Each structure stands twice: as C-alpha cells, then as structure tokens.
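Grab your viewer and work through a few exercises on side-chain contacts and a pocket. Try each task before you read its solution.

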Amino acid sequence: MTSSSESNFKQNYQTHLKHLKLKGLQPKTIDAYARAIRRIGEYFDYQINELSEQQLTDYFTDLLDSHSWSAVKLDLYGLKFFYTHVLHKPWVMIDLIKPPKTQRLPDIVTVDEAQRLFTATHTLSYRVFYFTVYSLGLRLGEGLRLKVGDIDASRQRVHIRDSKGNKDRLVPLAEVTLDRLRRFWRVHRNPVWLFPNRQGGLKSAPTAITPLDRGGIQTTLRQVVQDCGIKKRLPSTVCATAMPPI
C-alpha cells in the first residue's frame, strides 16, 4: 500500500462515518457498515475506489467461506453506501449477490422455562431486566433504552422508542410487570434509566448516566440458560401469555 492510497482511504473512511451518522442510521447499522469498509479495505490493500466485478466476486466468495450470509449482506450494503455517498459513483453490481431466502421461526421460551431462567438469575438488575423484556416482548436494545418516563402507569402502557426502523410504538404493561419495575426502582432510584449501569454498585446507581451493559446481559443470560439446561436458541424478542412470578 502506498502512502497516497493509505491517506486517501483514511480520508474517505472518515467521510463514510460522517455520512452514516447524518443519514440517521441505527448505531448497529453504522458499526456494521463501518466494519465492512475496514474489512474490504484491508482485503484490497486499501485501494477500493475502482473495484471490478471479478474483484468483488473473489472477495465475497472468500468472505462466505468464513462468515455467514448476514455478514455478506452487511458488507455488500456497506460498500454500496460507500460508493453512493462517499465516491458518488453509481452502484451497478445489483445482481452480484443473491442470498438465499430463509424464514426461521425462533425457538419459543415456555412459561416454565422462563420461570426457571428468572429463578436462576441471582443478580437483581438482570433478573428484573429479563422479566421485563420477556413480559413486554422487547428486543434487547429496546429494553436497555427504557427510561423512567417511558412507563405510563395510568394507561398501563410503555413507550418503546427508536425501535426497528427508527419507529416508536406503545406496548401494553401488565400489572405484575409494573409492580416489579416499581419495586426495582425503589432499590436504585435513578431518575432517568429504568435499568442503570451496575458499574460502581448500588451506591452509584442513582447517578449512573448509562444503562446496563449489553455484553454483561448477554453473557449472564447465556450462562443462566446453560445452567438451567435449556436446549434452544433464545430469540431476541419473546412474549408470554402468562407471567410467571420472579
């Protein structure tokens, strides 16, 4: 890689990041599209402004050998975004990749399994979080973003903000869920976050400025699922027709 090509790539990459933010994309999408350009840049020695169809065919073939179709699609969309908004070049590789169409139903966590999961989760903040996500049918990120002001107790509903597609929605709030959230809030008393960051312990909870750590939630959930002997993939959203007690 020459110094000029390296400099050009870094400059274009920074422009790429700016456009990703300005287009109002979700943080996960921004991370994925930025990662795509870094990975493609490294593969082609950072000379990616004039990639041919054969070069892209070779790249995505190699990528599919080590990654899932999901990664292939994200890299493809990330590169298309880069060409369109950074290089201002038309994207002509429309039919280059056609991922197989699949429709998988998630494994459903039963009420009994959920009860076991809650009981086996000894950390209070995680236990209440899992129960809330389960009872409201939320995605992990939606649960993390919940704030005290999103709970409408009088109308028994929760305002879910910045959901999939940057849309808001209202979901019903069961009395049992409201009761657990109220009792949990009395423990931490953070004025903003429903699930404040655990860093610093209970003493720091009232002044925490960020929610629970996503990685900690996922790691703990995997361990609890293993300890409970639940042999299924936990979906990102789960709903229940009956709420088991914590």
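**Exercise 1.** Is R169 buried, partly exposed or exposed, and what does its side chain meet in a salt bridge?

*Solution.* Keep in mind that this is a predicted model. Start with accessibility: R169 has 28% relative accessibility, so R169 is partly exposed, since that class runs between 20% and 50%. Next, look for a carboxylate partner: the side chain of R169 meets that of E142 in a salt bridge, 2.8 Å from N to O. Now place the two ends. R169 is in strand β3 (residues 169-172) and E142 in helix α7 (residues 140-144), so this pair ties together parts 27 residues apart in sequence. E142 itself, at 3% relative accessibility, counts as buried. Finally, check for shared partners: R139, E142 and R169 are joined by salt bridges into one network.

**Exercise 2.** Where do R183 and D179 lie, and how many residues apart are they?

*Solution.* First the contact: R183 and D179 form a salt bridge, with their closest N and O atoms 3.2 Å apart. Then the location: both sit in helix α8, four residues apart, which is about one turn of the helix. Last, exposure: R183 is partly exposed at 45% relative accessible area, and D179 is partly exposed too, at 36%.

**Exercise 3.** F118 and F131 form an aromatic pair; what is its geometry?

*Solution.* Take the ring centres first: they're 5.4 Å apart, and the planes make an angle of 65°. An angle over 60 degrees counts as edge-to-face, so the F118–F131 pair gets that label. Then map the rings onto the fold. F118 belongs to helix α5 (residues 111-120) and F131 to helix α6 (residues 124-136), so the pair ties together parts 13 residues apart in sequence. Both F118 and F131 are buried. One more check around F131: the charged end of R180 sits over its ring, 5.1 Å from the centre.

**Exercise 4.** Which element gives the largest share of the lining of the second largest pocket?

*Solution.* Begin with the volume, about 200 Å³. The lining has 14 residues, and the closest to the pocket centre are S125, F184, R198, L202 and A205. Sort the lining by element: α6, α8 (175-188) and α9 (201-204) each give two or more residues. The winner is α8, with three. By chemistry, the lining splits into eight nonpolar, five polar and one charged residue. F184 turns up elsewhere as well: ring pairs link Y126, F129, Y130, F184 and F195 into a cluster.

Technical notes: Residues are numbered from 1 along each chain as its sequence is written. This is a predicted model: local features need pLDDT of at least 70, side-chain atom pairs count only at pLDDT 80 or more; totals for chains, interfaces and linings use all residues. Side-chain values use heavy atoms; hydrogens and water are left out. Rings of Phe, Tyr and Trp (its six-membered ring) pair if their centres lie within 6.5 Å; planes under 30 degrees apart count as stacked, over 60 as edge-to-face and the rest as tilted. Buried means under 20% relative accessible area, exposed over 50%, partly exposed in between (1.4 Å probe, protein chains only). A charge sits over a ring if NZ of Lys or CZ of Arg is within 6 Å of the ring centre and within 35 degrees of the ring normal. On a 1 Å grid over the protein atoms alone, a cavity is a set of points where a 1.4 Å probe fits but cannot get out, and a pocket is an open set with protein on both sides within 12 Å along at least five of seven lines; lining residues have an atom within 4 Å of a point. Grid points are joined across faces, edges and corners, and a volume is the space filled by probe spheres set on the points. Ala, Val, Leu, Ile, Met, Phe, Trp, Tyr, Cys and Pro count as nonpolar, Asp, Glu, Lys and Arg as charged, and the others, Gly among them, as polar. A salt bridge is a side-chain nitrogen of Lys or Arg within 4 Å of a carboxyl oxygen of Asp or Glu.
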